[in-house]
Amino acid sequence: MISLGILLMRLVIGIAFIGHGAQKLFGWFGGYGPKGTGGWMESIGIKPGVTMAVLAGLLELIGGFMFAAGLLTPVAAVLIVATMLGAIVKVHAPNGFWSTSNGIEFPLTVLVVAAGIALTGPGSISLDALIFN
C-alpha cells in the first residue's frame, strides 16, 4: 500500500508539472507559450525572459514526466525542487505564507512532497524499481 500512496503523489505532482511545462513551452492548457511567459518573466526581473521561460518549461515538462514515471526519481525531484525554489523566491515569498495571498504555501508543499519522495524512494511501482532492482 505504501508504494500505491507514493505512486499517487508522483502522478499528481508529475502530471501537474507536465501541464505547467506545456503551458510555458506550447501555450497549451491556457498557457501563454514562451513569448507570453517570457514577457511576464521579464516584468518580474527574470532575464532573458523567453530563454528563461523555455528553460523553466523544460525543467517542468521533463521533471514532471520523470517524476510521474518514477524514472531517476532523485534527479526528477531536483528539477521540481529547483523550479519551486525559483517560484518561491521570485514570485511568492513577498506575499507571505498563505496561498490566499499568493504566498509560498502551495509551492512549498510541492517542493516538500518532491523532496520527500526523493528521500524515501519512488516505491515499487516505478521505472526505477523495474530498472534498478
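These legends go with a set of close-up views of the predicted model.

**View 1. Trp28 and Phe29 sit edge-to-face in one of the aromatic pairs.** There are three aromatic pairs in the structure. For Trp28 and Phe29, the ring centres are 6.2 Å apart, with 90° between the planes. Since edge-to-face takes planes over 60 degrees apart, that label fits here. How accessible are these two residues? Trp28 comes out as partly exposed, at 49% relative accessibility, while Phe29 reaches 62% and so counts as exposed. The cut-off for exposed is over 50%.

**View 2. Phe97 and Trp98 make an edge-to-face pair.** Here the centres lie 4.7 Å apart and the planes meet at 90°, so this pair gets the edge-to-face label. Phe97 is partly exposed, with 39% relative accessibility. Trp98 has a relative accessible area of 53%, so it is exposed.

**View 3. Phe26, Trp28 and Phe29 form a ring cluster.** Ring pairs are what link these residues. Trp28 and Phe29 have already turned up in View 1 as a pair with 6.2 Å centre to centre.

**View 4. Helices α3 and α4 pack against each other.** Helix α3 covers residues 49-69 and helix α4 covers residues 73-92. Their axes are 8 Å apart, at an angle of about 145°, and the crossing is left-handed. Which residues of α3 and α4 meet? From α3 come Leu59, Glu60, Ile62, Gly63, Met66 and Phe67. On the α4 side, they meet Thr73, Val75, Ala76, Ala77, Leu79, Ile80 and Thr83. Sorted by class, this α3 and α4 contact holds nine nonpolar, three polar and one charged residues.

**View 5. A cis peptide bond links Lys47 to Pro48.** Omega for this bond is about -5°. Most peptide bonds are trans. As for its place in the chain, Pro48 belongs to the loop between α2 (33-43) and α3.

**View 6. Leu72 has a positive phi in the loop between α3 and α4.** Most residues other than glycine have a negative phi. Leu72, not a glycine, nevertheless has a phi of about 50°. Is Leu72 buried, partly exposed or exposed? Its relative accessibility is 40%, so Leu72 counts as partly exposed.

**View 7. Asn102 is another non-glycine residue with a positive phi.** Its phi is about 65°. Asn102 lies in the loop that runs between α4 and α5 (105-120). With 38% relative accessibility, Asn102 counts as partly exposed.

Technical notes:
Residues are numbered from 1 along each chain as its sequence is written. This is a predicted model: local features need pLDDT of at least 70, side-chain atom pairs count only at pLDDT 80 or more; totals for chains, interfaces and linings use all residues. Side-chain values use heavy atoms; hydrogens and water are left out. Rings of Phe, Tyr and Trp (its six-membered ring) pair if their centres lie within 6.5 Å; planes under 30 degrees apart count as stacked, over 60 as edge-to-face and the rest as tilted. Buried means under 20% relative accessible area, exposed over 50%, partly exposed in between (1.4 Å probe, protein chains only). Axes are lines fitted to C-alpha atoms, for helices over the stretch in contact, and angles run from 0 to 180 degrees between N-to-C directions. Helices (H or I, at least four residues) and strands (E, at least two) are DSSP runs, numbered from the N terminus. A crossing is left-handed if the near helix is turned anticlockwise from the far one by less than a right angle, and right-handed if clockwise. Contact means heavy atoms within 4.5 Å. Ala, Val, Leu, Ile, Met, Phe, Trp, Tyr, Cys and Pro count as nonpolar, Asp, Glu, Lys and Arg as charged, and the others, Gly among them, as polar.
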